[in-house]
Amino acid sequence: MRLLLISLLLALSTTARADDTLYRAWGEKPGIRAVMDDFVARLPQHERIGRRFKMTDPQHLASQLTEQLCELAGGPCKYEGPDMASAHEGMELQKADFNALVEVLQAAMQARGIAFADQNRMLAKLAPLHREMLGR
Ligand code: HEM
């Protein structure tokens with residue numbers, strides 16, 4: 001019985017890890033990179049949060065975000081950058097900053113032809129991360 005339960009849990013976790021449908025829907029790594037390039041190019045132009053990105057190296061940020069989203073989407077990547085709390089230390093990010101960031105991301109996803117349902121699936125993966133960064 002116990003062995004059966006362990007096998008069942010193992011099978012379930014393997015299935016969960018193998019779910020790369022979102023990764024594929026985004027056009028795998030090149031597709032994610034294209035959205036991220038578009039996204040980081042738009043960020044400095046945003047009225048509210050743009051100033052935060054004036055000194056940012058767009059290549060570096062796009063590359064880090066690509067690894068992170070690839071991993072979140074179930075792709076074969078591993079984000080190895082700083083954790084979210086450290087990466088945003090001292091920025092004192094508020095809810096409104098996240099809303100603004102999402103607006104910019106939505107514009108980039110739309111421009112790159114990501115289907116609405118796949119946009120929302122990615123946003124749902126990103127949403128829990130914001131708690132680590134709020135007010136830091
Ligand atoms: C779910 C939401 C977010 C995610 C997943 C995220 C992810 C990241 C990642 C992966 C980096 C690169 C870390 C590194 O390699 O050093 C980064 C840097 C940064 N993030 Fe975020 N971030 C989020 C929200 C925000 C918000 C709301 C703002 C401000 C409006 C923001 C502003 C920045 C800035 C200014 C940098 C530094 C860029 C630089 O190197 O100059 N982030 N973020």
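How far is an oxygen atom of the ligand from an N or O atom in the side chain of H60? The distance is 3.0 Å. That contact belongs to a predicted model, and the points below should be read with this in mind.

1. Overall fold. The protein chain has 8 helices and 0 strands. Its pattern along the sequence is α-α-α-α-α-α-α-α. The chain holds 136 residues, of which 35% count as buried.

2. Iron site. A single protein donor reaches the iron atom of the ligand. That donor is NE2 of H88, at 2.0 Å. H88 is not in a helix; this residue is found in the loop between α5 (84–87) and α6 (95–111). H88 also has a polar side-chain atom 2.9 Å from a nitrogen atom of the ligand. Both distances should be quoted with their atoms: one runs to iron, the other to nitrogen.

3. Ligand placement. Which pocket holds the ligand? The ligand sits in the largest pocket. Around the ligand there are 22 residues. Those that come nearest are F53, T56, H60, Q64 and H88.

4. Makeup of the shell. The shell around the ligand has 15 nonpolar residues, 5 polar ones and 2 charged ones. Helices α4 (58–72), α5 and α6 each supply at least two of its residues. Which helix gives the most? Helix α4 does, with 5 residues.

5. Polar contacts to ligand oxygen. H60 and Q64 should be described together. The side chain of H60 places an N or O atom 3.0 Å from an oxygen atom of the ligand. For the side chain of Q64, the corresponding distance to an oxygen atom of the ligand is 2.7 Å. Both residues are also among those that come nearest to the ligand.

6. Q64 and Y79. Q64 has a further neighbour worth listing. Y79 is 15 residues from Q64 in sequence, yet their C-alpha atoms are 7.0 Å apart in space. Y79 lies in the loop between α4 and α5. Is Y79 buried or exposed? Y79 counts as buried because its relative accessibility is 16%, and the cut-off for buried is under 20%.

7. A buried acid. D97 lies in helix α6, one of the helices that supply residues to the shell around the ligand. D97 counts as buried because its relative accessibility is 8%. What joins D97 to R48? A polar contact of 3.1 Å links their side chains.

8. Positive phi at E28. E28 is not a glycine, yet its phi is positive, at about 55 degrees. Where is E28 found? The residue is in helix α3, which spans residues 28–42. E28 counts as partly exposed, because its relative accessibility is 37%.

9. Positive phi at E92. A second case is E92, a residue other than glycine with phi near 50 degrees. E92 lies in the loop between α5 and α6. The loop between α5 and α6 is also where H88, the iron donor, is found. E92 counts as exposed because its relative accessibility is 55%, and the cut-off for exposed is over 50%.

10. Points to keep in the text. H88 is the single protein donor to the iron atom. H60 and Q64 have side-chain atoms 3.0 Å and 2.7 Å from ligand oxygen. E28 and E92 should be listed with their phi values.

How values were computed
Residues numbered from 1 in each chain as written. Predicted model: local features only at pLDDT ≥ 70, side-chain atom pairs only at ≥ 80, totals over all residues. Heavy atoms only, no water. Donors = N, O, S within 2.8 Å, 3.2 Å for Na, K, Ca; no water. Helix = DSSP H or I, 4+ residues; strand = E, 2+ residues; numbered from the N terminus. Near = heavy atom within 4 Å. Polar contact = N/O pair within 3.5 Å; in protein donor to acceptor, adjacent residues only side chain to side chain. 1 Å grid on protein atoms, 1.4 Å probe; cavity = no way out; pocket = protein on both sides within 12 Å on 5 of 7 lines; lining within 4 Å. Sits in = over half its atoms within 2 Å of the grid points. Nonpolar A, V, L, I, M, F, W, Y, C, P; charged D, E, K, R; others polar. Buried < 20%, exposed > 50% of the residue type's maximum accessible area, 1.4 Å probe, protein only.
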